[in-house]
Amino acid sequence: MSGRDGGDDVQDKYTGPILRRRGQATESTTTDQRLLDSRGDAGWVHTDPWRVLRIQAEFVEGFGALAELGPAISVFGSARTASDHPTYALAEQTGRLLAEAGFAVITGGGPGTMEAANKGACEAGGVSVGLGIELPFESGLNQWVDKGINFRYFFARKTMFVKYSQGFVVLPGGVGTLDEMFEALTLVQTQKVTDFPIVLVGVDYWSGLLAWLRDTALAAGTLSEVDLDRLILTDDVHEAVALMVSAQDGGGAAS
Ligand SMILES: C/C(=C\CNc1ncnc2c1ncn2[C@@H]1O[C@H](COP(=O)(O)O)[C@@H](O)[C@H]1O)CO
């Protein structure tokens, strides 16, 4: 006799660690059998549980690759900056000065301003990092990246910029640059991260945005003066780097 009622259907059925008896069993095979059976439908690789594992892997790989990076500054700016544009030279100079000040330089690893900052850091003998992103119009990591990681997910990549940077230099850019700058500002504003410096380089380029923030957002009460003051505006990349050094030495984010 087996089981409480002695019926023949009372058999131990395990689904992983879960025991099911008396009609609760839904699987006719063991977990091992299903794992080792390669004939099944492969559609599961496109399911959310599987994506969660890929997302987790991006965090693990990112944290693993960057854990021992040391002091670093992220440089953001347009992917479209041509190599003969003055902003390219400015970004290159920024990368070089940051490297000479002992910072690793982190960029999105792409073309334009990212490439220029990586070039400056690399040529100055610094640590040149690129956090690339898989895009439909793939451009790959630029040639000046010495330590590169390619991400599928923007949000995992953004975590790396924030976790491993002690400050941000923002050169002229479009929506990608704005997204990164406002992400940094939001995290500082909400005290999710330490008060690190955010320096906008390019007075002419950024003044219109800052004027809108002051005249419209601040005036409407959706922004406070202290949040606006977190964005430091300059044309001088020496000043931008000096602010990073001063914040790193414990002088705080503001000049
Ligand atoms: C547009 C082109 C290539 C895009 N390749 C990129 N590779 C890596 N990171 C990128 C790329 N595009 C945008 N980013 C990120 O956003 C910022 C720049 O965006 P913007 O809209 O150009 O301002 C930058 O800081 C990156 O982190 C081919 O030209």
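1. Let's start with Ile-232, which is partly exposed in this predicted model. The count behind that label is 17 other C-beta atoms within 10 Å, so Ile-232 falls in between the buried threshold of 20 or more and the exposed threshold of 12 or fewer. Ile-232 is part of strand 9, residues 231-234. If you want a distance to check on your side, take Asp-249: it is 17 residues from Ile-232 along the chain, and their C-alpha atoms are separated by 18 Å.

2. Tyr-153 is also partly exposed, because it has 15 C-beta neighbours inside 10 Å. You'll find Tyr-153 in the loop that runs between strand 6 (147-151) and helix 5 (154-164). Once neighbours within four places in sequence are left aside, Tyr-153 is in contact with Ile-55 and Glu-58. Arg-21 is another matter: 132 residues separate it from Tyr-153 along the chain, and the C-alpha atoms of the two are 42 Å apart.

3. Have a look at the backbone of Gln-191. Its phi is positive, about 55°, although the residue is not a glycine. Gln-191 belongs to the loop between helix 6 and strand 8 (198-201). Is Gln-191 buried or exposed? It is exposed, because just 8 other C-beta atoms lie within 10 Å, and the cut-off for that class is 12 or fewer.

4. Now the interior. The largest nonpolar core has 49 residues, and those with the most contacts inside it are Ile-73, Leu-98, Val-105, Val-169, Val-170 and Val-201. Val-170 sits in strand 7, residues 168-170. It counts as buried because it has 27 C-beta neighbours inside 10 Å. Beyond its neighbours within four places in sequence, Val-170 contacts Phe-76, Gly-77, Thr-177, Met-181, Ile-198, Val-199, Leu-200 and Val-201. For Val-199 there is a C-alpha to C-alpha figure too: 6.0 Å in space, with the two positions 29 residues apart in sequence.

5. Val-105 is on that same list of core residues with the most contacts. Leaving aside neighbours within four places in sequence, its partners are Ile-73, Val-75, Gly-95, Leu-98, Ala-99, Ala-117, Asn-118, Ala-121, Gly-126, Ser-128 and Val-129.

6. Helix 3 (residues 86-100) and helix 4 (residues 113-123) have axes that come within 7 Å and cross at roughly 40°. The crossing of helix 3 past helix 4 is right-handed. On the helix 3 side, the meeting residues are Thr-87, Tyr-88, Ala-91, Glu-92, Gln-93, Thr-94, Gly-95, Arg-96, Leu-98 and Ala-99. Helix 4 answers with Thr-113, Ala-116, Ala-117, Asn-118, Lys-119, Gly-120, Ala-121 and Glu-123. Sorted by class, this contact holds seven nonpolar, seven polar and four charged residues.

7. What does Leu-97 of helix 3 contact, leaving aside its neighbours within four places in sequence? The partners are Val-237, His-238 and Val-241. Leu-97 and Val-241 are 144 residues apart in sequence, yet their C-alpha atoms are 6.8 Å apart in space. Leu-97 is buried, because 24 other C-beta atoms lie within 10 Å, against a threshold of 20 or more.

8. Last, the ligand. There are 20 residues around it, and those that come nearest are Gly-108, Gly-110, Gly-173, Gly-174 and Gly-176. Strand 5 (128-133) and helix 6 (175-189) are the elements that give two or more residues to the shell. Which element gives the largest share of the shell? Helix 6 does, with four residues. By class, the shell has seven nonpolar, 11 polar and two charged residues; keep in mind that Gly is counted among the polar ones here.

Conventions
Residues are numbered from 1 along each chain as its sequence is written. This is a predicted model: local features need pLDDT of at least 70, side-chain atom pairs count only at pLDDT 80 or more; totals for chains, interfaces and linings use all residues. Axes are lines fitted to C-alpha atoms, for helices over the stretch in contact, and angles run from 0 to 180 degrees between N-to-C directions. A crossing is left-handed if the near helix is turned anticlockwise from the far one by less than a right angle, and right-handed if clockwise. Two residues are in contact if their C-beta atoms, placed from the backbone, lie within 7 Å. A residue is near a molecule or strand if its C-beta atom, placed from the backbone, lies within 6 Å of it. A nonpolar core is a set of buried Ala, Val, Leu, Ile, Met, Phe, Trp, Tyr and Cys residues joined through C-beta atoms within 7 Å.
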